[in-house]
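Hello,

Here is the structure I promised to pass on. Please have it open while you read the notes below.

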Amino acid sequence: MAVSTVCTTQSLNSTCSISTPEKTHLGFHQNQVVFYRRTSKRGGGSCVITCSVGDSQTVVIGLAADSGCGKSTFMRRLTSVFGGAAEPPKGGNPDSNTLISDMTTVICLDDYHSLDRTGRKEKGVTALDPRANDFDLMYEQVKALKSGIAVDKPIYNHVTGLLDPPELIKPPKILVIEGLHPMFDERVRDLLDFSIYLDISNEVKFAWKIQRDMAERGHSLESIKASIESRKPDFDAYIDPQKQYADAVIEVLPTELIPDDNEGKVLRVRLIMKEGVRHFSPVYLFDEGSTISWIPCGRKLTCSYPGIKFHYGPDTYFGKEVSILEMDGQFDRLDELIYVESHLSKLSTKFYGEVTQQMLKHADFPGSNNGTGLFQTIVGLKIRDLYEQITSSKTAAPLEATKA
Ligand SMILES: Nc1ncnc2c1ncn2[C@@H]1O[C@H](COP(=O)(O)OP(=O)(O)OP(=O)(O)O)[C@@H](O)[C@H]1O
Ligand SMILES: O=C(CO)[C@H](O)[C@H](O)COP(=O)(O)O
């Protein structure tokens, strides 16, 4: 099959974009990105456009979790660290899942569902099943954005359950890909500069789902139970295993401070931080590498029953060295968090008290009085630091060299 070699080359530093009416493939050659349009099933094709990769580089962050596990809340905390409000693309599809701020663009990986709601029903697969998702397109588009190239990303409409016409996504400074499968496909995983997994235990997930889906979406208790149960096998098979690849895991468990607690309101939250990740140094309590238990309640921190307990120490997670910071219990007064903050090191804050300031700013977000909010805020600050380190070193570093 003859392959045309007539390519247009765009000028250096320009942002290249291409609409994808047919299956289009990305190729990389030295510092150039080439789009090939396949013209035959056997793989013949023609080069349709060539773009030179410029100086700008997008830092890519992956956030994985099951539905209803706090991804949106985490995203709001993260984008707030970078300043500016995150909003859907202006003048676009009102049901877009994308959120754009000055520095960040958050895309929801539900947009790469290859089967719509009816299609999934007909084939008897859930949205968690890889067969319901287009990983080739996800990879090509994340790779393009990371290289400074705009893409026409599909939209999965959660209101209608249909795939809507695509929306143009321009390469941001920081691209967050959030959803069910950011670390499932090895090719996509390799594009991530940092990855996070929100690991919500079944008991807590159930409590959060009931709270949201009954109160805000009018679902019955039985239907929520049935939905969780029907997703569980695919969750166990395809979503949960991704946590082994995450650079940071926020694990949310029932409290151990109240014997046989079944209310699920007080939480034990663990921040599991991988050692040796480039541009990321784990936070520690008091003394790096030691094992420490700390009950801060007393003169400087008001605690009502059941109190607050911190734990910090080295550990292993899926055979890798990690540091774990744990908080069980909840804060009575958020302004007193400064006392805890002052005992934590390597927070990547820009000024004394920044964690407390961020938490106070979003006191109305779910989890602001416990370890979920605290650790999400800390991870947000670590991502800002990682971004600053990558961008300050990028002139010396080749594109592929940003991940450990
Ligand atoms: N840290 C938290 N503490 C208590 N409840 C929480 C917390 N985070 C989330 N929730 C509850 O879970 C619900 C879902 O949160 P959120 O919308 O952030 O999740 P999500 O993963 O983005 O969900 P989806 O993917 O279904 O849109 C919230 O409405 C809230 O009730
Ligand atoms: O697991 C999910 C991720 O958010 C959704 O259930 C999935 O995207 C399918 O969406 P819908 O239920 O709106 O058809």
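How far is an oxygen atom of ligand 2 from an N or O atom in the side chain of Arg231? The distance is 2.6 Å. Bear in mind that this is a predicted model, and that every value here is computed from it.

Ligand 2

Arg231 is not alone at this ligand. The surrounding residues are Ser67, Asp110, His113, Arg117, Arg120, Ala127, Tyr156, His158, Leu180 and Arg231. Two further polar contacts are worth a look. The side chain of Asp110 places a polar atom 2.8 Å from an oxygen atom of ligand 2. Arg117 has a side-chain N or O atom 2.8 Å from an oxygen atom of the ligand. On its own, ligand 2 has 360 Å² of accessible area, and the protein covers 78% of that. By residue class, the shell holds 4 charged, 3 polar and 3 nonpolar residues.

Ligand 1

Here 14 residues surround the ligand. The closest are Ser67, Gly68, Ser72, Thr73 and Thr372. Ser67 is also listed around ligand 2, so check that residue from both sides.

Three polar contacts stand out for inspection. A polar side-chain atom of Ser72 sits 2.4 Å from an oxygen atom of ligand 1. Gly70 takes part through its backbone: a polar atom there is 2.9 Å from an oxygen atom of the ligand. Thr372 faces a nitrogen atom of ligand 1 instead, with a side-chain N or O atom at 2.8 Å. The protein covers 83% of the 630 Å² of accessible area that ligand 1 has on its own.

Which helices each supply at least two residues of this shell? They are α1 (71–81) and α5 (202–215). The shell divides into 8 polar, 3 nonpolar and 3 charged residues.

Helices α8 and α9

One helix pair is also worth your time. Helix α8 covers residues 354–361, and helix α9 covers residues 371–393. Their axes come within 10 Å of each other and cross at roughly 120 degrees. The two helices are therefore oblique to each other. The crossing is right-handed.

To start, I would put Arg231, Arg117 and Asp110 on screen with ligand 2. Then turn to Ser72, Gly70 and Thr372 at ligand 1, with their contacts at 2.4 Å, 2.9 Å and 2.8 Å.

Best wishes

Conventions
Residues numbered from 1 in each chain as written. Chains lettered and ligands numbered in written order. Predicted model: local features only at pLDDT ≥ 70, side-chain atom pairs only at ≥ 80, totals over all residues. Heavy atoms only, no water. Near = heavy atom within 4 Å. Polar contact = N/O pair within 3.5 Å; in protein donor to acceptor, adjacent residues only side chain to side chain. Areas by Shrake-Rupley, 256 points an atom, 1.4 Å probe, with all protein chains shown as cover. Nonpolar A, V, L, I, M, F, W, Y, C, P; charged D, E, K, R; others polar. Axes fitted to C-alpha atoms, helices over the stretch in contact; angles between N-to-C directions. Helix = DSSP H or I, 4+ residues; strand = E, 2+ residues; numbered from the N terminus. Parallel < 35°, antiparallel > 145°, perpendicular 65-115°, else oblique. Left-handed = near helix turned anticlockwise from the far one by under 90°.
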